[in-house]
Amino acid sequence: MTAEAEPIFTKLFSGTDEADFLGLTDFDILLDGTICGLLCENTNTIPYEGPTFDPDTFDWDTYYENYTTQYRLVWYNENGCVTQKMGLSMLLELDQTARQTMAFTSVRCDALDHIYLTATIDDQEYLLALDENENLCTIQGSSSKMLALQSGYQWLRCGEVGMLLWEKNTSDTMQLYHMVMTDDALWKTQITYADLMTDQVMLAESAVQDCWYGIWDTVGIYRVAEKRAEPELLYSWKDLKLDSDDVADVLLLDCKALLTSYGRARGR
């Protein structure tokens, strides 16, 4: 398998207004082909290109005070138009104050279109999920509706329902968890993983049902077919003529792997 350096891209929605996607920081595709994503509504607040912009006199305090309140979870219809917006403060029912930092940071949907989110609140990262009525799920075993995350974590969609969480615990060792939303509650189950997985590996998202998830390290890209299965090498960086240091992300497709790679001269 050789690496294709120039993939062909096509627009997901044709004839849409680009303004509807201005500030889209993350998104995922739902089963019906529409998308939900995170939108930052004040991406043009800092007029860098303005001829009179002066960073020394710009009101940075007000900017940062309002910046995080502008992140919205949004749904687009089949025409690429925003049909619904939801703020984090609306979900949490908090009396937000100027000192509080609150922002969505990422969004993913599982095989049943359940929506999982990460958010930063007062410098702490959290994982949360929405039930079928778009309310926050409770965390199984506690009264909290948000799962606090350690600073070192990766999370992604797997070949089954739910999400995977690769997290560094308080003793600085990595643990693999399967996060599943059932009966309006978010469950966290620890999964045994192969010895090959160290704190240096990265998880790879899977878009095929016969592959639970993938991993990649300095050697290449591996496929894990099912829970507790041993990883099998799919591609080596040597064969692909790529350096793992230039790879930012991996997505496993049917008979292919889609990479985000940054070269020294340009991104591709």
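In which loop does Asp183 lie? In this predicted model, Asp183 belongs to the loop between strand 12 and strand 13. Asp183 counts as exposed because its relative accessibility is 72%, and exposed means over 50%. Along the chain, Asp183 and Thr138 are 45 residues apart, and their C-alpha atoms are separated by 9.8 Å.

Asp184 is also in the loop between strand 12 (174-182) and strand 13 (185-191). With a relative accessible area of 45%, Asp184 is partly exposed. The backbone of Asp184 has a phi near 60°, a positive value in a residue other than glycine. A positive phi is found at Lys241 too, where the angle is near 60° and the residue is again one other than glycine. Lys241 sits in the loop between helix 3 (237-240) and strand 18. Its relative accessibility is 74%, so Lys241 counts as exposed.

Asp184 leads on to another loop residue. Asp131 touches Cys137, Met181 and Asp184, leaving aside residues up to four places away in sequence. The loop that holds Asp131 runs between strand 7 and strand 8 (138-139). Is Asp131 buried or exposed? Asp131 is buried, because its relative accessible area is 12% and the cut-off for buried is under 20%. Asp131 and Leu186 are 55 residues apart in sequence, while 9.2 Å separates them in space, C-alpha to C-alpha.

These residues belong to a chain with three helices and 19 strands. Of its 268 residues, 43% count as buried. The chain exposes about 15400 Å², and carbon and sulfur atoms supply 47% of that area. Among contacts with a separation of 6 or more, 42% come from residues 24 or more positions apart.

The next topic is the interior. In soluble globular proteins, nonpolar side chains tend to be buried together. The largest nonpolar core here has 22 residues, of which Leu73, Ile115 and Leu117 touch the most other members. Several elements each supply at least two residues of this core: strand 2 (35-40), strand 3 (71-76), helix 2 (88-92), strand 5 (102-109), strand 6 (115-121) and strand 7 (124-130). What does Leu73 touch, not counting residues up to four places away in sequence? The partners of Leu73 are Gly37, Leu38, Gln84, Lys85, Met86, Phe104, Val107, Ile115, Leu117 and Leu130, with residues up to four places away not counted. Apart from this core lies another, of 16 residues, including Leu164, Ile191, Val201 and Ile215.

Thr34 precedes strand 2, in the loop between strand 1 (24-29) and strand 2. Thr34 counts as buried because its relative accessibility is 6%. Leaving out residues up to four places away in sequence, Thr34 touches Phe13, Asp28, Ile29, Tyr76, Asn77 and Glu78. One of these partners, Glu78, is 44 residues from Thr34 in sequence, with 5.5 Å between the two C-alpha atoms.

A further buried residue, Ala204, is placed in strand 14 (residues 202-206). The relative accessible area of Ala204 is 0%, so this residue is buried. Its contacts, not counting residues up to four places away in sequence, are Leu156, Tyr213, Gly214, Ile215, Trp216, Val250 and Leu252. Ile215 is also among the residues of the 16-residue core. Between the C-alpha atoms of Ala204 and Arg157, which are 47 residues apart along the chain, the separation is 8.8 Å.

Leu252, touched by Ala204, also helps to line a pocket. Rolling a probe the size of a water molecule over the atoms shows where empty space is left. The second largest pocket holds about 180 Å³ of space. Which residues line the second largest pocket? The lining is made of Val208, Asp210, Cys211, Arg223, Leu234, Tyr235, Leu252, Leu253, Asp254, Cys255, Lys256 and Ala257. Strand 17 (232-236), strand 18 (247-253) and strand 19 (256-261) are the elements that give two or more residues to this lining. Sorted by class, the lining has eight nonpolar and four charged residues, and no polar ones.

Conventions. Residues numbered from 1 in each chain as written. Predicted model: local features only at pLDDT ≥ 70, side-chain atom pairs only at ≥ 80, totals over all residues. Heavy atoms only, no water. Core = buried A, V, L, I, M, F, W, Y, C linked by side-chain atoms within 4.5 Å. Buried < 20%, exposed > 50% of the residue type's maximum accessible area, 1.4 Å probe, protein only. Helix = DSSP H or I, 4+ residues; strand = E, 2+ residues; numbered from the N terminus. Contact = heavy atoms within 4.5 Å. Areas by Shrake-Rupley, 256 points an atom, 1.4 Å probe, with all protein chains shown as cover. 1 Å grid on protein atoms, 1.4 Å probe; cavity = no way out; pocket = protein on both sides within 12 Å on 5 of 7 lines; lining within 4 Å. Points joined across faces, edges and corners; volume = space filled by probe spheres on them. Nonpolar A, V, L, I, M, F, W, Y, C, P; charged D, E, K, R; others polar.
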